[in-house]
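Work through the exercises below with the sequence and the three-dimensional view side by side. Try each task before reading its solution.

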Amino acid sequence: MHISNSPAAFLDYPGDKEYNISMYLSGRGLPCGRVKILCQPAEEIGRGALALLDAGALEDVQYALGYHVMPKDLARSGQIIAQINWTACTLMEGEIRGLAAHGSQPHLGVNAIDVGAAIVNGVNALHTNPLLGGNVKTTRFMGGAGSLNAICDKVNIGFDLRSTSNAEMLALRQRVMELIENTAKVYGAEASCHIVGTCPAAEADPSLLAVTRDTIVGVLGREALIPSVSITVGEDFNFFKEQRPQLKTASLGIGCDLTPCLHDPEMTFDHGALAGAIEVLAALTVRILQDKP
């Protein structure tokens, strides 16, 4: 079994044993089995989970639990989300290569800005199943840094892709790549595109989810349970399940009155809420070791 987390301070909160999961478990003992506690690195750039997998940290693991503090609008202090349904995301960037020319003779060149504008319009016209939430946004468009009387021959462009479905994400990536390359050809330009980063969507395990919900209610009461929350954020914890399909995983959310939002330099949260979250995590760990859901 493995316990992972996004905020590393959670599993080993400085100066307070109450918030230390390793001390909590060791003080109460385990009925059987073995537990690994890993503070996942490089989570924000989508490489931490893959690094742990490459290092063999999960080779002998059957269950993986993840925790993440959540904004106040999704969970209040004292509440626990039993399953965060993270969204699949892909970041792509491309380069459009046209042909430079003098502004007085545009017919002798291929304006990479025109090509890029056509690509942006094409991407905006891509439609997916609205029930799966697939979407593409242009998030970078850079070109034409030279003289104003010159036809631009190079544009760098970037995209953010999202979907609740891993299968749809694969199809969406392919559609964007084909659109970029084919649109460039129509204008007599060339274009290439590659993936910069990606995270798969969450795939909940029904049996583990049922045990997780039951444990939250048993430890903190029914009012503390939020059965699940779907959000448009990606999380690389989901690589564990993608790369090790036999794993049973649960990604829980900690309600701690976090404001104003994640990643804000002025972010604050209720540290006291971590104590209840630790109790849930410890009880869930013991339950999994005993019942093997």
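**Exercise 1.** In which strand does D257 lie? Find the strand, then describe the backbone and the surroundings of this residue.

*Solution.* Bear in mind from the start that the model is predicted. Step one is to place the residue: D257 belongs to strand β14, which covers residues 248-258. Step two is to look at the backbone, where phi of D257 is near 50°, a positive value in a residue that is not glycine. Most residues other than glycine have a negative phi. Step three is accessibility: with a relative accessible area of 24%, D257 counts as partly exposed.

**Exercise 2.** Follow the chain into the loop between β14 and α7, and describe P260 and H263, which are found there.

*Solution.* Begin with P260, which is located in this loop and is joined to T259 by a cis peptide bond, with omega at about -10°. Most peptide bonds are trans. Continue to H263, which lies in the loop between β14 and α7 and has a positive phi of about 75° although it is not a glycine. The relative accessibility of H263 is 59%, so the residue counts as exposed. Finally, move on to helix α7, residues 273-291, whose 19 residues reach 27 Å from the first C-alpha to the last, close to the 27 Å expected at 1.5 Å a residue. After α7 comes K292, whose phi is positive, near 45°.

**Exercise 3.** Explain how many disulfides the structure holds, using the distances between cysteine sulfurs.

*Solution.* The cut-off needed here is that a disulfide requires two cysteine sulfur atoms within 2.5 Å. Take C199 as a starting point: its sulfur is 4.4 Å from the closest cysteine sulfur, that of C89, which is too far for a bond. Then take C256, whose sulfur lies 13 Å from the closest cysteine sulfur, in C261, again too far for a bond. The count for the structure is zero disulfides. As for their surroundings, C199 is buried with a relative accessible area of 8%, and C256 is buried with a relative accessible area of 0%.

**Exercise 4.** Decide which residues of helix α1 (residues 21-28) are buried and how they are arranged around the axis.

*Solution.* In α1, the buried residues include I21, Y24 and L25. These residues cover an arc of only 90° around the axis, which means that they sit on the same side of α1. On the other side of the helix, S26 and G27 are exposed. The helix is followed by G29, whose phi is positive, near 80°.

**Exercise 5.** Describe the second largest cavity by its volume and its lining.

*Solution.* First, a search of the whole structure finds two cavities of 30 Å³ or more, and the second largest has a volume of about 40 Å³. Next, list the lining of this second cavity, which is formed by Q83, A202, E203, N238, K241, T249, A250 and S251. Sorted by class, the lining has two nonpolar, four polar and two charged residues. The largest share of the lining, three residues, is supplied by strand β14.

**Exercise 6.** Find M92 in strand β6 (residues 88-97) and relate the residue to H194.

*Solution.* M92 is buried, with a relative accessible area of 2%. Although M92 and H194 are 102 residues apart along the chain, their C-alpha atoms are separated by 5.7 Å.

Note on methods. Residues are numbered from 1 along each chain as its sequence is written. This is a predicted model: local features need pLDDT of at least 70, side-chain atom pairs count only at pLDDT 80 or more; totals for chains, interfaces and linings use all residues. Side-chain values use heavy atoms; hydrogens and water are left out. On a 1 Å grid over the protein atoms alone, a cavity is a set of points where a 1.4 Å probe fits but cannot get out, and a pocket is an open set with protein on both sides within 12 Å along at least five of seven lines; lining residues have an atom within 4 Å of a point. Grid points are joined across faces, edges and corners, and a volume is the space filled by probe spheres set on the points. Helices (H or I, at least four residues) and strands (E, at least two) are DSSP runs, numbered from the N terminus. Ala, Val, Leu, Ile, Met, Phe, Trp, Tyr, Cys and Pro count as nonpolar, Asp, Glu, Lys and Arg as charged, and the others, Gly among them, as polar. The expected span of a helix is 1.5 Å times one less than its number of residues. Buried means under 20% relative accessible area, exposed over 50%, partly exposed in between (1.4 Å probe, protein chains only). The arc is that of the directions from the helix axis to the C-beta atoms.
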